[in-house]
Amino acid sequence: MTEDDPDQAQIAEGAHTDFSEDMSYGDYLALPKLLGAQNALTTRHDEMLFIIMHQTAELWMKLIIHELGAAMENIRRDDPQPAFKMLARVSRIQAQLIQQWDVLSTLTPTEYLTFRDELGHSSGFQSHQYRTIEFLLGNRHAKMIEPHRHDPEILGGLESVLNSPSLYDEVIALLHRRGFGIDPSCLKRDWRKPYAADESVQRVWMEIYRAPGEHWEEYELAEKLVDLEDWFQQWRFRHMKTVERIIGFKTGTGGTAGVGYLKHALDFYFFPELWQVRTKL
């Protein structure tokens with residue numbers, strides 16, 4: 001379509017064009033800073049894909065942390081219904097993150113090896129936002145903060161999350177406040193440790209799933225948690241298979257076992273009783 005196309009001109013008629021004193025779209029989104037942050041270390045064509053894919057993932061993870069924090073606050077206030085939308089949004093974000101692996105999987109082993117050595121020891125294992133999400137969901141190991149000791153601000157944020165109840169801990173506390181038979185030990189555990197399945201929590205979920213009409217809000221909350229974990233596991237699996245496709249079973253740049261480490265992560269459940277109850281029903 002040419003610049004003087006009448007249809008184009010008619011569509012654009014009335015559009016604001018003077019931004020000398022007004023905020024523009026690019027100003028609002030800080031696009032010069034955002035689009036200027038793709039600083040490749042080599043001249044290899046495929047490094048741009050690698051950088052943009054990971055930067056985009058970090059933006060989505062920032063939104064996940066924002067949504068999880070708000071959901072937890074609503075649950076603490078005994079008002080879980082707004083949290084349903086927030087947790088559902090996290091699941092949709094996970095779907096976007098899964099699709100990103102499809103794009104990265106177009107990177108062949110040969111192409112990746114042209115710039116891999118330039119990454120040094122940098123690795124997604126060191127993503128403090130990913131670690132924050134894992135901590136918020138309950139997968140907690142204090143040693144995982146070690147790669148961040150060089151940055152007091154990031155370290156302080158991770159320590160704060162590690163020393164506070166997880167999303168599932170807040171849900172269990174909500175069930176207790178609503179009169180369900182939760183063992184008090186679940187409410188006073190060491191938050192720094194991963195959550196371990198508890199029989200009293202399993203019995204409560206059984207009660208809820210056997211009579212959803214009587215406990216609809218709790219039932220709906222349970223299903224939102226299952227959705228979230230289901231999508232998260234699919235994200236982990238797609239990550240593992242993409243890494244295997246590109247580097248096989250090589251050690252990761254950050255020193256982890258690569259595919260072996262990612263396979264091990266698939267064995268962890270954030271909300272174990274919600275999966276166990278499906279067998280027990």
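A residue is called buried here when its relative accessible area is under 20%, and exposed when that area is over 50%, with partly exposed in between. Keep that cut-off in mind while looking at this model, which is a predicted one.

**Helix H13 and its cover**

Start with helix H13, which spans residues 272-280. Four of its residues, Pro272, Glu273, Leu274 and Val277, are buried. What sits over them? The cover on the buried residues of H13 includes helix H9 (167-177), helix H10 (199-210) and helix H11 (216-247).

H13 also has a charged link to one of those helices. Arg278 makes a salt bridge with Glu223, and the closest N and O atoms are 2.7 Å apart. Arg278 belongs to H13 and Glu223 to H11, so this pair ties together parts of the chain that are 55 residues apart in sequence. Neither end is buried: Arg278 is partly exposed at 34% relative accessibility, and Glu223 is partly exposed at 24%.

**Salt bridges elsewhere**

How many salt bridges does the structure hold? The count is 16. Side chains of opposite charge can pair when their charged atoms come close. H11 takes part in another such pair, where Arg238 meets Asp102 at 2.8 Å, N to O. Here Arg238 lies in H11 and Asp102 in helix H5 (residues 81-104), so the bridge joins parts that are 136 residues apart in sequence. Arg238 is partly exposed at 22% relative accessibility, and Asp102 is partly exposed too, at 34%.

Then there's the pair of Arg77 and Glu73, whose closest N and O atoms are 3.6 Å apart. Glu73 has a relative accessible area of 33%, so it counts as partly exposed. These two don't stand alone: Glu73, Arg76, Arg77 and Glu170 are linked in a network of salt bridges.

Here are the three pairs side by side:

| Salt bridge | Closest N to O distance |
|---|---|
| Arg278 and Glu223 | 2.7 Å |
| Arg238 and Asp102 | 2.8 Å |
| Arg77 and Glu73 | 3.6 Å |

**H7 against H8**

Now for a helix pair. Helix H7 (residues 128-137) packs on helix H8 (residues 152-162) at an angle of about 10 degrees, and their axes are 9 Å apart. Angles under 35 degrees count as roughly parallel, so H7 runs roughly parallel to H8. On the H7 side the contact is made by His128, Arg131, Thr132, Phe135 and Leu136, while H8 brings Ile154, Leu158, Val161 and Leu162. Sorted by class, that contact has six nonpolar, two polar and one charged residues.

**Aromatic rings**

On to the rings, where the count comes to 15 aromatic pairs. One of them is Tyr112 with Phe115, an edge-to-face pair with centres 5.4 Å apart and 85 degrees between the planes. Both members are tucked away: Tyr112 is buried at 8% relative accessibility, and Phe115 is buried at 1%.

Tyr209 and Tyr219 also pair edge-to-face, at 5.2 Å centre to centre and 70 degrees between the planes. Tyr209 is in helix H10 and Tyr219 in helix H11, 10 residues apart. Is each of these two buried or partly exposed? Tyr209, at 12% relative accessibility, counts as buried, whereas Tyr219, at 21%, counts as partly exposed.

Beyond single pairs, one aromatic cluster is formed by Trp101, Tyr130, Tyr168, Tyr195, Phe232, Trp235, Phe268, Phe270 and Phe271.

Technical notes. Residues are numbered from 1 along each chain as its sequence is written. This is a predicted model: local features need pLDDT of at least 70, side-chain atom pairs count only at pLDDT 80 or more; totals for chains, interfaces and linings use all residues. Side-chain values use heavy atoms; hydrogens and water are left out. Buried means under 20% relative accessible area, exposed over 50%, partly exposed in between (1.4 Å probe, protein chains only). Helices (H or I, at least four residues) and strands (E, at least two) are DSSP runs, numbered from the N terminus. Contact means heavy atoms within 4.5 Å. A salt bridge is a side-chain nitrogen of Lys or Arg within 4 Å of a carboxyl oxygen of Asp or Glu. Axes are lines fitted to C-alpha atoms, for helices over the stretch in contact, and angles run from 0 to 180 degrees between N-to-C directions. Angles under 35 degrees count as roughly parallel, over 145 as roughly antiparallel, 65 to 115 as roughly perpendicular and the rest as oblique. Ala, Val, Leu, Ile, Met, Phe, Trp, Tyr, Cys and Pro count as nonpolar, Asp, Glu, Lys and Arg as charged, and the others, Gly among them, as polar. Rings of Phe, Tyr and Trp (its six-membered ring) pair if their centres lie within 6.5 Å; planes under 30 degrees apart count as stacked, over 60 as edge-to-face and the rest as tilted.
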